[in-house]
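Got the viewer open? Here is a short tour, stop by stop, with something to select at each one.

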Amino acid sequence: MITLEKVFSLRVLLHLLAIGPVLWLSYQMWLWLSGAPHVLTANPIEYITDFTGRGTVRMLLITLCVTPLAKLGKWRILKYRRLLGLYAFLYGMLHFLNYMVLDYFFDWELIIEDVLERKAITFGMIAFACLIPLAATSFKFMMKKMGKNWQKLHRLIYIITILAVTHNYMMVKADVLVPTIHAMILAILLSYRVYVNWLKYKTSNKKRVA
Ligand code: HEM
């Protein structure tokens, strides 16, 4: 039965917050393509690339925030990690599709040349390519089927986010404030993980000695 509590659950709120910007962007694109006034500036393709690119980085960072927040705040939010990760993939796919379809119009020769020659694009491409197996295996039955390998594979999220933030920093044209903030958040999140693993290693060593 659909109860009021379910309708206003955190899961629904997260879906709305994640899909809202995509719907807004789609509406603006529809206005642009039908010749009506829109907010995508004089260079809509660049606007869409930046919008979806930032969306991808932010969704990746938010996904990485879940574990520390769950542990420090004792909140039961770990179950939302997969949902947020899938939205990171959705934004990444829109970012890549925009590049492939609107920017390069399926010119594979140029696309391959760009990916191989521009380091920033190579980093972005590797990050996106690595997101694909994570998205493909993010379903419960795959989790069960893969067992411990699932966790090992999903550790790729750290490499992906490092590559994504580096790509972000290199692609931005003038003001590096936003990518710097992204890099600082990532540094805090990675430091937290290193610290937790170091604590675990220390206590397991003590037990072995005792
Ligand atoms: C996980 C993967 C990726 C993430 C997180 C990401 C993120 C970003 C971000 C944040 C920006 C800068 C936006 C700004 O100016 O503020 C950007 C720009 C850009 N990205 Fe990506 N990106 C990814 C993958 C890719 C891929 C696979 C391609 C193409 C093969 C690509 C092509 C571009 C291009 C061409 C720009 C510059 C657009 C412009 O001229 O302003 N990105 N990306």
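Start in the middle of things, with the largest nonpolar core, which has 24 residues. Keep in mind that you are looking at a predicted model. Select Met59, Leu60, Ala88, Ala127, Leu131 and Ala164: these have the most contacts inside the core. Now color the elements that give two or more residues to it, namely α3 (44-73), α4 (81-103), α6 (119-136) and α9 (156-171). As a rule of thumb, nonpolar side chains in soluble globular proteins tend to be buried together.

Stay with Leu131 for a moment. Which residues is Leu131 in contact with, leaving aside its neighbours within four places in sequence? Pick out Ala88, Phe89, Gly92 and Ile160 and you have them.

**Stop two: the ligand**

Next, show the ligand and the 24 residues around it. Gly53, Thr56, Gly124, Ala164 and Met171 come nearest, so to speak the front row. Which elements give two or more residues to this shell? They are α3, α4, α6 and α9. The largest share, seven residues, comes from α3. If you color the shell by residue type, you should get 13 nonpolar residues, eight polar ones and three charged ones.

**Stop three: Thr56 and Arg58**

Two residues of helix α3 deserve a click: Thr56 and Arg58. Begin with Thr56. Is Thr56 buried or exposed? Thr56 counts as buried because it has 29 C-beta neighbours inside 10 Å. Not counting residues up to four places away in sequence, Thr56 touches Ala88, Tyr91, Gly92, His95 and Ala164. Draw a line from Thr56 to His95, C-alpha to C-alpha: you will get 8.0 Å, though the two are 39 residues apart in sequence.

Now move to Arg58, which is partly exposed, with 18 other C-beta atoms within 10 Å. Try the C-alpha line again, this time to His182: Arg58 and His182 are 7.8 Å apart in space and 124 residues apart in sequence.

**Stop four: α6**

Select α6 and check its length. Its 18 residues, at 1.5 Å a residue, should span 26 Å, and the end C-alpha atoms are indeed 26 Å apart, so the two agree. Which residues of α6 are buried? Highlight Phe123, Gly124, Met125, Ala127, Phe128, Leu131 and Leu134. You have already met Leu131 and Ala127 in the core, and Gly124 beside the ligand. What covers the buried residues of α6 includes α4, α5 (108-117), α8 (148-154) and α9.

**Stop five: α9**

Do the same with α9. With 16 residues at 1.5 Å each, α9 should span 22 Å, and its end C-alpha atoms are 22 Å apart, which agrees. The buried residues to highlight are Ile160, Thr161, Leu163, Ala164, Val165, His167 and Asn168. They pack against α3, α6 and α10 (177-209). Ala164 is a familiar face by now: it is on the list of residues with the most contacts inside the core and on the list of those that come nearest the ligand.

**Stop six: two loops**

Head for the loop between α2 (10-33) and α3, and click on Thr41. Its phi is near 60 degrees, a positive value in a residue other than glycine. Why is that worth a look? Most residues other than glycine have a negative phi. Thr41 counts as exposed, because it has 10 C-beta neighbours inside 10 Å.

Then go to Phe106, in the loop between α4 and α5. Phe106 also has a phi near 60 degrees, again positive in a residue other than glycine. Is Phe106 buried or exposed? With 8 C-beta neighbours inside 10 Å, Phe106 counts as exposed.

**Last stop: zoom out**

Finally, show the whole chain. How many helices and strands does the protein chain have? There are ten helices and zero strands, and the pattern along the sequence reads α-α-α-α-α-α-α-α-α-α. The C-alpha trace spans about 70 × 50 × 35 Å along its principal axes. Of the 210 residues, 20% count as buried. Now look at the contacts in the chain with a separation of 6 or more: residues 24 or more positions apart account for 61% of them.

Notes
Residues numbered from 1 in each chain as written. Predicted model: local features only at pLDDT ≥ 70, side-chain atom pairs only at ≥ 80, totals over all residues. Core = buried A, V, L, I, M, F, W, Y, C linked by C-beta atoms within 7 Å. Buried ≥ 20, exposed ≤ 12 C-beta atoms within 10 Å, placed from the backbone. Helix = DSSP H or I, 4+ residues; strand = E, 2+ residues; numbered from the N terminus. Contact = placed C-beta atoms within 7 Å. Near = placed C-beta within 6 Å. Nonpolar A, V, L, I, M, F, W, Y, C, P; charged D, E, K, R; others polar. Expected span 1.5 Å × (residues − 1).
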